[in-house]
Amino acid sequence: MTRRARSITLALGGALLAILLVVAFLLPVPYVRLRPGPVFNALGEVGGQPVITIDGARTYETSGSLDVTTVYEEGGPGNNLTLIQAFRGWTDPAMAVVPREMLYPPELYNQKDAAEQVKQEGVVQMQSSEETAVVAALRYVGEPVHVQVVVDSTMPDAPADGKLQAGDVLVAVDGQRVHKATDVRDIVSSVDVGDSVEIVIERDGQRQTVRLTTAESPDEKGRPIIGVLPTVSYQSPVTVDIKLADVGGPSAGLMFALSVVDKLTPEQLAGGLNIAGTGTMDPAGKVGPIGGIAQKMAGARDDGAEVFLAPASNCSDVAGHIPDGLRVVKVETLDDAIHSVEQLDDPTASLPTCNA
């Protein structure tokens, strides 16, 4: 082979290798990448509109910020993650790359409308989070509030489709009273696929009993469902409107509840500080765990937060991921969070952390 021929062969081989490497790095991989998302001050405005508006009660001036933290997710249903994106996530301490089956059932990736399903579930979770946060906050400040669990929507072709409708009050499932939205899933999950369950509802002021036969979840093999998406509805002379578009999931509950309390009490709770946090909130004021807390802490610190409120049940995920300059305070209830925030300007106060 002549020198010229060898040069051409090497050049072609190099070009082919480069093409193969590019193709390999662009191939989808079965992982999900989590990275810090945007931060929103629940006491402030987004797009020129206040995040929280309150009618029916006196409100007070606030200062500082109570930030809702979010996570960008890449690689979920309908959104493949490439090898090069995964590699970037593996090398960036502010990101996490996890097997996608840790977050979603594998069969969900085979459904053509999976991305829309996930989006709609996130919207429902956010709406429920807003409602429960408002209930907890109103109860904390002593405003009257009556809570109901209602049907938000039903899944097409599911047992509840055509039998239950949006706005139905869910009184009891299979003989057990319903107190919060998660009770419905918990009760139904305790029976077998194909079993009959009795649903007591109130519709237009009239109590009715509906009997449904459970079906198997399309997302989780062996799990019985009736195909209803419940949410919390409250009745009170005080109305709270929360507007935060393009954010899904239940993890903003804690910060929404704190912000409502701040607006309804004369003392400035945030007190000029930049406070961020995360956590679900139930109507009784209990703070629950969330996902992606390492990315939320990183996003909060990048946005200037000085303090981060973390659910006590997430402490194992906090360890080793706290950004420099960020003070993390663990909380279990809305009362805990308010008590801790009130003491932030006291240098002698010993606040609970994930190390104690």
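1. Helices here are DSSP runs of H or I with at least four residues, strands are runs of E with at least two, and both are numbered from the N terminus. With that settled, start at helix 3, which covers residues 114-141. Its 28 residues reach 41 Å from first C-alpha to last, close to the 40 Å expected at 1.5 Å a residue (the expected span being 1.5 Å times one less than the number of residues). Right after helix 3 comes Gly142, with a positive phi near 85°.

2. A word on what we're looking at: this is a predicted model, where local features need pLDDT of at least 70 and side-chain atom pairs count only at pLDDT 80 or more, while totals for chains, interfaces and linings use all residues. Residues are numbered from 1 along each chain as its sequence is written, and side-chain values use heavy atoms, with hydrogens and water left out.

3. On to the charges. Searching the whole structure turns up 8 salt bridges (a side-chain nitrogen of Lys or Arg within 4 Å of a carboxyl oxygen of Asp or Glu). One of them joins the side chains of Arg203 and Asp168, at 2.7 Å from N to O. Arg203 sits in strand 12 (residues 196-203) and Asp168 in the loop between strand 9 (146-154) and strand 10 (169-173), so this bridge ties together parts 35 residues apart in sequence. Have a look at the surroundings too: both Arg203 and Asp168 are buried (buried is under 20% relative accessible area, exposed is over 50%, partly exposed is in between, using a 1.4 Å probe and protein chains only).

4. Strand 12 also takes part in another bridge, between Arg211 and Glu198, with 3.0 Å from N to O. Here Arg211 belongs to strand 13 (residues 206-213) and Glu198 to strand 12, which puts the partners 13 residues apart. Arg211 is partly exposed at 49%, and Glu198 is partly exposed at 28%.

5. Two further entries for the salt-bridge list. Lys243 and Asp241 meet at 3.3 Å, N to O; Lys243 counts as exposed at 52%, whereas Asp241 is partly exposed at 32%. Then there is a network of salt bridges linking Arg33, Arg35 and Glu74.

6. Back in strand 9, check Gln148. Its relative accessibility is 18%, so Gln148 counts as buried. Leaving aside residues up to four places away in sequence, Gln148 touches Val169, Thr231, Val232, Ser233 and Gln235 (contact being heavy atoms within 4.5 Å).

7. The structure holds 1 aromatic pair (rings of Phe, Tyr and Trp, the last by its six-membered ring, with centres within 6.5 Å; planes under 30 degrees apart are stacked, over 60 edge-to-face, the rest tilted). Tyr31 and Trp90 make this pair, edge-to-face, with 5.6 Å centre to centre and 80° between the planes. It connects strand 2 (residues 31-41), home of Tyr31, with helix 2 (residues 83-91), home of Trp90, across 59 residues. Tyr31 is partly exposed at 28%, as is Trp90 at 47%.

8. Last, the cysteines. The whole-structure search finds 1 disulfide (cysteine sulfur atoms within 2.5 Å). It joins Cys315 and Cys354, with sulfurs 2.1 Å apart. The S-S torsion is about -75°, so the disulfide is left-handed. Cys315 lies in helix 7 (residues 315-318) and Cys354 in the segment after helix 8 (334-342), so parts 39 residues apart in sequence are tied together. Cys315 is buried, at 13%.
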